[in-house]
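Hi everyone, thanks for making time. I'd like to walk you through one model today, so please have a look at it on the screen.

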Amino acid sequence: MRTIAVALFTVFYTSIYSQSIPGFIRYDTINPVLRSNGYFTMNASREEVNRLLQSGAIQFAKALSANNYLCLSNGNVESNNRLQINYMHNNLWKLAPGFINQNVDANILSVRVQDVQAFKHYLDLHGISYTIENMHAASKVIYIRFLQPDAGLNALLNCDEVSFIGHAKNQASEESSNSFQDISINGVNVVHNIYPELNGENFTLSVKENSIDNTDIDLKGRVQESELANETTSQHANQMATIIAGGGNTMPNTKGVVWKSHVASSSFDNLLPDDNAVLQGQGISVQNHSYGVTIENIYGAEARAYDVSMNEDPAILHVFSAGNSGAEVSTTGIYAGIPGYANLTGNMKMAKNILVVGATGKDNTIDARNSGGPAYDGRIKPELVAYGPEGTSDAAAMVSGISALIQHAYQNTYKVRPPAALVKAILIASADDIGKEGIDYISGYGAVNADRAVRLVKAQTLISDTIKQNSAKQFSITVPADIHTLRLAVVWNDPAAEAGDAAALINDLDSKITFGGKQWLPWILHHYPHIDSLALPASRKEDHLNNIEYITIDDPQAGIYTLDIAAPTLTNAAQEVHIAYWLDTANVFRWTYPTAIDATEAGSDIYFRWNTSYTGTAAIEVNIDNTGFTEIAGSVNLADRFYTWTAPEGLHTATARIKIGGIYFTSDEFTIAPSMPLKVGFNCTDNVMLNWNAIPNAEQYQLWKLGEQYLEPVTLTTDTAYIFEKQLTPSLYYAVAPVIQGKTALHGLTYRYDEQGVNCYYSTFSALLTEANVSQLSLELSTTYNIANVTFQKEQDGVYMALNEVSAINGTVYEYTDATLQRGTNHYRVQIQLNDGTSIYTEVAEIYYSDDQTFTVYPNPVDALKQEVVLLTDGDDLAIEFYDANGKVSKREIVYGSFFRFPVTDLRQGLYFYRIFRHAKPVASGRLVVK
């Protein structure tokens, strides 16, 4: 397998060397001799290359194949038969694959340099005009734009400071539309139920894309300002932030994973890693990246930068979406042209130390849109999957939140925050197998299980240690009796490879478990570039590609097992390694949804969920309102881990149970309730009335208001209305939930009362001129509470007179017809009189009434800068002309409709005469004063 990869890489380099590119300066020597410094290739082992790097003899080494390296000499390397040093005959090796087929002129280039200041000095010395768009100093990756592209590119090719040239992708795109999340699918609800203290309080997560809108009530008071944010807000950014940290204020399913955490924005206009010092200053422990670019199968400058960044600060975990390009086929790399594989969206996702996440559906199936692995060099990508209703963006946000949940659990247990590599190990060791059996290039190591991950941390089945060069460590793992499966993950933050390396792994650790004369090696996948090989099931073998080694043992005997980890090849003196393992107990069943805190919706599909080590089938029964258990499914496959049931209408309590081998396993009692809409009875100057419909079986109703950050209880009442004074209760947002058997059920949508179109005791009042030339008045009351009567009124000579009084208030809609229209404007209102004698008036409704012989021009005088002139009439083929004092026509308008409005900003201040024409004959005249 490795030989094939080398051969393909050789073909790639040969094809580049053979091309003559206009504008490129070839790097040739007529008589090749050893230079004091410069780039050269040599055949050597990784151990020999590491020795040269550590001694300082070479500054840089890029793997062209397993035993062939391109290096930059410091002048201390001599050619010999063992190293077989050959200096390069041109510099086209610096170009990323596919580079020559792209338009250089319009693009920003992504460049890896050895020394930033020396590189700038080189460009200045050669008179090259450029701008640096972005830079990641730690990895020495620069985004650069040249004013003279060809000259700039030639300079890069001939500069010994430059070792990689690619095209920077500056058009990142969000990788899902917006949707609501379900935190039960990955077991987050179980954590919330059992460990309510694990909520992300005092944690901050970063969302790298467009900016989060801080007016979102689900994130109220918890959007942290950031110098890294851009100016553009997006609903997608808010969706990601809500999955991570939503407070459940809008509705129950907007509650996020770490719902008390803070979130901060970082712009994905810069695809390079953010400055770790800035992230540290903001307290960031996880950064979510739910975006992608084009499919790129290369370890590029961005991938290197993220690996450097995570070694620079091992505590910050970067979580990326795999992409939603599963139907697309890669056109570059050794996996080009193979459908269904190697279509991750962006070379940054080729980094080793990050976490790449794919998406599942509610039924635990893999989303067909998922971009899949392998990585460009055969490594396993994505590493994990999680629920993503609209794609991998949602799934990445879910895993970002769960990662912070693990950090919180670890901090509570160990009093410090865990390294990112240990968080990855915990997630992988506790994951559920999903899709086809075993690991694969679509689901990686499995589906994230937050419940098991937190329990793993609580059980402290974790090891962190350091392994030195050419040494090995042994660790003891105690396996008790009755264990169904042992799952173990070994993870380390690998040093960054060089941009363009044929294979990314630098520090190759070797793991194995032994017990009783038996040996278990890690699971690996076949990475030969053919669709049949990539689809083969995993096998056990030494892993020389991944910096994650995953070992499982089914039905292990009780005893002390030995984990051996060897470090034959290290670029540094020692490598920190992190181990997590999970022990699946045999014959265990655990309900995961609904739990006691899960409020379900009446009439909706409820997904009963569980984790179990039992196999086979079983029956599920439900007990509603303590009336006894009734079977709803007779033969459910336990391996499915879910069963869908449609909840009954109405308000109820319920429990579910399942029978396995004569043993019943019963769920927590949960509630079923309709979502309750909240209505506004009135919104007056001083007070507000909220009301709602009564629900059968409800003992009480819990009213909530939005506080500083979350919904807070206002009152527990048996009434279906609540009146409060605005001054005493300034919150604008409210929701209501029914209470049954002392349990608060599902709360409805949270409403902002001043945006519901309700005024003081009425919703609408309107006046409409009918074809019969009468005025149709319509009033809709928002409540009948405390109303004695309503009176329709009309203005006459500046005084409102009663038209009709309604004293029998037994509905909310009232109408009255006025046939006594006056020429011009007719004003109407309604007087609403309360039982205590207080009168409330609606807004005034106007009807403009005229005929073809009546013409009204107003306002007069008119403020030309603030007002428009209105011509009120009834007729066709009309025009109006304005004349100045000398009789000259200053303005002319063709009149359309009976209510014609037009500006007069073109008329100077003064007195004007106007004439109105019908069919070019004058029919009316008057004066207009313009201010």
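Let's start where V399, I402, S403, I406, Q407 and Y410 of helix α9 touch L422, V423, I426 and L427 of helix α10. Sorted by class, the residues of this contact come out as eight nonpolar, two polar and no charged. The two helices pack at an angle of about 105 degrees, and their axes are 10 Å apart. That makes α9 and α10 roughly perpendicular to each other, since 65 to 115 degrees counts as such.

I should say right away that this is a predicted model. The average pLDDT over the chain is 89, and 92% of the residues score at least 70. One stretch to treat with care is residues 1–36, where pLDDT stays under 50. For that stretch the model has 58 contacts beyond four places in sequence.

Back to α10, which covers residues 420–429. How many of its ten residues are buried? Ten of the ten are, so the helix is largely enclosed by the rest of the structure. The buried set includes K424, alongside residues such as A420, L422 and I428.

Now for another partner of α9. Helix α9 runs over residues 392–414 and helix α11 over residues 450–459, and they pack at an angle of about 20 degrees with axes 9 Å apart. So α9 and α11 are roughly parallel to each other, and their crossing is right-handed. On the α9 side, the contact has I402, L405, I406, A409, Y410, T413 and Y414; on the α11 side, A450, A453, V454, V457 and K458. By class, that is ten nonpolar residues, one polar and one charged. If you have the α10 list in mind, I402, I406 and Y410 of α9 appear there and in the α11 list as well. As a reminder, an α-helix has 3.6 residues a turn, so residues three or four places apart point the same way.

And a further partner: helix α6, residues 235–245, packs with α9 at an angle of about 40 degrees, the axes being 8 Å apart. This crossing is right-handed. H236, Q239, M240, I243 and I244 of α6 meet S393, D394, A397, M398, S400 and G401 of α9. Here the classes are five nonpolar, five polar and one charged.

D394 deserves a closer look. Is D394, a residue of α9, buried or exposed? D394 has a relative accessible area of 0%, so it is buried. For a sense of scale, D394 and L92 are 302 residues apart in sequence and 40 Å apart in space, C-alpha to C-alpha.

One more residue ties in with α9's neighbourhood list. S285 sits in strand β13, residues 284–289, and it is buried because its relative accessibility is 4%, where the cut-off is under 20%. Beyond its neighbours within four places in sequence, S285 is in contact with F203, T204, A315, I316, L317, Q407 and R417. Q407 is the residue we met in the contact between α9 and α10.

Finally, the whole chain. Its secondary structure comes to twelve helices and 59 strands. Of the 931 residues, 56% count as buried. The C-alpha atoms fill a box of roughly 115 × 85 × 45 Å along the principal axes. And among contacts between residues at least 6 apart in sequence, 72% join residues at least 24 apart.

How values were computed
Residues are numbered from 1 along each chain as its sequence is written. This is a predicted model: local features need pLDDT of at least 70, side-chain atom pairs count only at pLDDT 80 or more; totals for chains, interfaces and linings use all residues. Side-chain values use heavy atoms; hydrogens and water are left out. Axes are lines fitted to C-alpha atoms, for helices over the stretch in contact, and angles run from 0 to 180 degrees between N-to-C directions. Helices (H or I, at least four residues) and strands (E, at least two) are DSSP runs, numbered from the N terminus. Angles under 35 degrees count as roughly parallel, over 145 as roughly antiparallel, 65 to 115 as roughly perpendicular and the rest as oblique. A crossing is left-handed if the near helix is turned anticlockwise from the far one by less than a right angle, and right-handed if clockwise. Contact means heavy atoms within 4.5 Å. Ala, Val, Leu, Ile, Met, Phe, Trp, Tyr, Cys and Pro count as nonpolar, Asp, Glu, Lys and Arg as charged, and the others, Gly among them, as polar. pLDDT is the predictor's confidence in each residue, from 0 to 100. Buried means under 20% relative accessible area, exposed over 50%, partly exposed in between (1.4 Å probe, protein chains only).
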